[in-house]
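Reader: I am new to this one. Could you walk me through how its labels are earned?

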Amino acid sequence: MADAVIPRSRAYARAERRRRLGPLSVLTHVTLVVWTILVAVPIVWTFLASVKSEDEIFGDAWSLPASLRFDNWARAWEQAHVGQYMINSIVVVAGGTFGTMLFGSMAAYVLARYRFRGNRAVYLLFVSGLAFPVYLALTPLFFVVQNMGAIPVIGPFIGLNTHGGLILVYIAYSLPFTVFFLAAFFRTLPGAVAEAAFVDGASHTRVFFRIMLPMAKPGIISVTIFNVLGQWNQYQLPLVLLTSDKEKWVLTQGIADISTAAGYDADWSALFAALSMAILPMLIVYTLFQSQIQKGLTAGALK
Amino acid sequence: MNYGRMRFVTGFLAIPVALYVIYVIAPYAQAFYIAFTDWRGVNANPRLVGLENFQRLFDDNVFWKAVGHNLILLILMPLLTIGIALFFAFLLNAGGRGGTGGVWGSKFYRVVFFFPQVLAVAVVAVLFQQVFRPDRSGMLNAPLIALGFEPVGFLSDTDIALWAILGVLVWQAVGFYVVLFSAGISSIPRDMFEAAAIDGAGGVQLFLRVTLPLLWDTIQVGWVYLGIAALDVFAIVWVMTAEHGGPDHSTTVMAAEIYRNAFQYFKFGYASAMGVVLFFFTIGFAALALRLSRRERIEF
Amino acid sequence: MTHLSRRELLRSAALAGLALPVLSACASPAGGGGASPAAPAAGATSAANPLGLAESKPLEVWIFDGGFGDSYATGIHEPLVKAKFPKLEIKHNATKEIAKTLQPRFAGGNPPEFVNNSGANAMDFGALVQDGQLADLTPLYDAPSWDDPGVKVRDTIDPTAIELGSYDGKPYVLNYANTVWGVWYSQKLFEAEGWQPPKTWAEFLQLCETIKKSGKTAPFTYAGKHPFYIYEAILTLAAKIGGKDVLKNIDNLEDGAWQAEPVKQAATAFAELGAKYLLQGTAGLDHVQTQTAHNKGQVAMLPCGSWLENEQKDSTPADFGYAMFALPDFGSSDALPYGTLHVQPGEEYIVPARSANPQAGLEYMRAMLSKEGAGKFMELVSTLTVVKGAGEGRTLKPGLQSASTALDAAGDNAVWFLFRKWYAEMHDEVAAASGQLMNGKLTVDQWIERAQKKAGSIKSDSSVKKFKR
């Protein structure tokens, strides 16, 4: 009896609310659609422009291309090396993010959960990095990386114009943010499981990798996402550290180069083709992994 | 135990601290030193000039203009982004049938809204140059001109350009926070909404009485992220605007002024002095961020 | 002394284990700072090798990959050098980001042998000269020319080029291409409409009015996103009204240089042009966009340098017929006659003094200044050069022909200004203010005040080296 009453009242409440939300619901859809258009149109427009001729690009913005000129794409791919840049970006961001998360979580964990002399100082040292304007360090940084290249044996892998060198720099410059947020995250984790493991004789290292790191997975995922996005978008550092060797350039350098080139050679259609090539894989990858990314953010946001 | 503990702490900190000191602290330490010299970038022996660079900074209208723009962005960008994102997150999650379910197609919207976030800033800047073009090849001006209006100089009118920049920044950021806040809202127990709804709360009241208070922590986190982003604005301004921060310095930001003085005028000493000022300016914000996220410390 | 303290900073910062290589290498940028050991140590000279370059050491060439591209280097100049010195290894590079790519190498003491320091992202010449980074080109100019051992290089080129490449009397920069500025139009359009290039400012305004009334095209535009294109014209007109000293005083940062009456008159004239006759949206368009609009007949005239025709070669209709005219007479009391031109040797090339093989860089310049090197360059990239008679016997496009004719007609009535190269920040400020002057957001007096104020602040900035002409 009582069982039947509650659902009915719930259903009633729901219907009541739906009634009240009715007009709001129409408005809701309108605003959502408007923002969708705002987001999608510039991107779709870029794809359209990538198959337009030069003349059409400089004509009316909303005209459709007379014919689909995929030779723009071929030109961008061949002359602008977009494929190569993309692979380079993937290599650097993969290495950079992995290193950032490994070293960042190690440092954050120790700083968050161990009391020792200098803890606060080291923590502040890391966190103060959030306030450093990176532009200030560019020239001295160039010399540091150049000098690293002079170290015997490993030098050739971490000096100027190497992806290794850029990865190390990415890691170092991602640490403030990573340590800041992961330390906050580690502090919120319950200590009971870890203490049980210590009683069982587990080492500190084992406790970290086997217990605390898996427990921190949600936070790790969300910070990873930030780092991937941040490093993928990085433009200044590669500009200074990967100057001469065009084959090693990352995607942002390539895009900016084509954009600058458009100022001289006026090959705008190739620019838009290259832009499309830069956009498309990111959209695909994101769409494929969006549910994981959203879950990661969900967990991260709530801690 | 204690010995092993110390070894563990040292072992875990060694590599991150080493990387950080070599690649971040050392260059910045040098930069602070450079701020007291007249180094012009190409010579190896800068001359110490004391506080001269800082004195000159006081009379530099353009720099203070940049500071003002950064302040505007620091206040408005988080405000607008969070406001819009909260609104959408609420609609997507609580606005639909069943109160907690979100509207039809909410998954689709969440995916699409996030798109701008995955685009490289350089790409976004080039993209919006086309959106804002002042002739009929511009996405926004084409319909205006077709309707017989004067085209708007989104990036060429000194009174409008900064707002155009702000628009692009918000455009790119909103999707991320929609997802972030959606996550927060979806974790709010259904019962809370139902209870409030049974009490007669409408959509607006649901938002104000349930969503907002329970999401407050997440919003604060978002504020920190956005604040840092607002102080870091560079590529959008540099790539998108005329005169790199123009026209007539109307969109310039501190990072752009540092970059300009260093890599275009080769006044590394002066640029470093700007950086030092920016440093003390932003350290204030970082301290605020720290305070916001301070948690209880748990010790083993 | 100073690098010692930088070293100490690093020492305090770097971890013990990794500090050593950092420190030892840190000393290297300073190492090149004292003397420039390579520069005077020229090898044995001979008739075939008058500058005494060492074939054993490579020649690293960096070309600015801008409007001229870099095929003139790989296709013309490098083969010339290679033919004479087959054993010399030439390492060719091209970039659009000269400063970002090479500035750290200058600071590091290992710059390349030859740099085409041009474009929007070029290194600051003032800073380079100030630090003794550039090789003195006097040995090159005194060397026998490529084509005739009896004639010095100095005597085969436009003396203005040497003057403009000199800092405090010493030649450091080779300006290779010659550029003239003027107002460009389509001969086809002008003939079809019966419009005539104006001789006086009144005629010019009349022409603008006629074009505006015709409703077929806008009268005038300039690259609004790069207001240099318009302040160039303002200053040229000012010099035409008041004489060469007007620009000389501006370059020398003289007090009151910008407040001079001719400057004010010229600015007022262009502000009026800006208020009445500009293509819609000019302020937001860049050079490519305005020039494309010009090609498409959306605007009749724009001010530009003689590189325009080449830059636009891909988007210009075949029968467009580029031509230019010099700024018209402003009034009857102009100090300089009709036909006065802004002439400026440009496209700068330098030989870094601290490179490993600077003589090879100088030899490369000598090859560029040969009749063959300059003539083929002229044909390939469609621009004038500073080499006398390089265009003889070569066929020129209509725009280049028009510029060449105007240059001959101008003779000694050539004017130029140098602060753009000497003080990049002065250039930026004048450009920013000029854009607003044309938009009507600044009055002429405000424009003058801002330019003069900037000149004053540079003058009082001890870290910036001052130049005189």
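Author: Gladly! Let us begin with pairing: two strands count as paired if DSSP finds at least two bridges between them. Keep in mind that this is a predicted model.

Reader: What makes β10(C) and strand β12 of chain C a pair?

Author: They share 2 bridges, in the parallel sense. The cut-off is at least two bridges, so the pair qualifies. As for who faces whom, C:Leu341 has C:Ala414 of β12(C) as its bridge partner.

Reader: What is the sense of the pairing between strand β6 of chain C and β10(C)?

Author: Antiparallel, over 7 bridges. Here C:Asn178 stands opposite C:Pro345 in β10(C).

Reader: Why is strand β10 of chain C called mostly covered?

Author: A residue is buried if 20 or more other C-beta atoms lie within 10 Å of its own. In β10, residues 341-349 of chain C, 9 of 9 residues are buried, so the label fits.

Reader: Which strands of the sheet β2-β1-β3 in chain C stand at the edges, and why?

Author: The order in this open, parallel sheet of 3 strands is β2-β1-β3. β2 (90-95) and β3 (114-115) of chain C each have a single partner strand, so one side of each lacks a neighbour in the sheet. Strand β1 (residues 59-64) pairs with β2(C) over 6 bridges, and C:Phe64 stands opposite C:Thr95.

Reader: What lies across β1 and β2 of chain C?

Author: Helix α3, residues 71-84 of chain C, which runs at about 160 degrees to β2(C). Angles go from 0 to 180 degrees between N-to-C directions, so the helix and the strand run in nearly opposite directions.

Terms used
Residues are numbered from 1 along each chain as its sequence is written. Chains are lettered from A and ligands numbered from 1 in the order in which they are written. This is a predicted model: local features need pLDDT of at least 70, side-chain atom pairs count only at pLDDT 80 or more; totals for chains, interfaces and linings use all residues. Helices (H or I, at least four residues) and strands (E, at least two) are DSSP runs, numbered from the N terminus. Two residues are in contact if their C-beta atoms, placed from the backbone, lie within 7 Å. A residue is buried if 20 or more other C-beta atoms lie within 10 Å of its own, exposed if 12 or fewer, and partly exposed in between; C-beta atoms are placed from the backbone.
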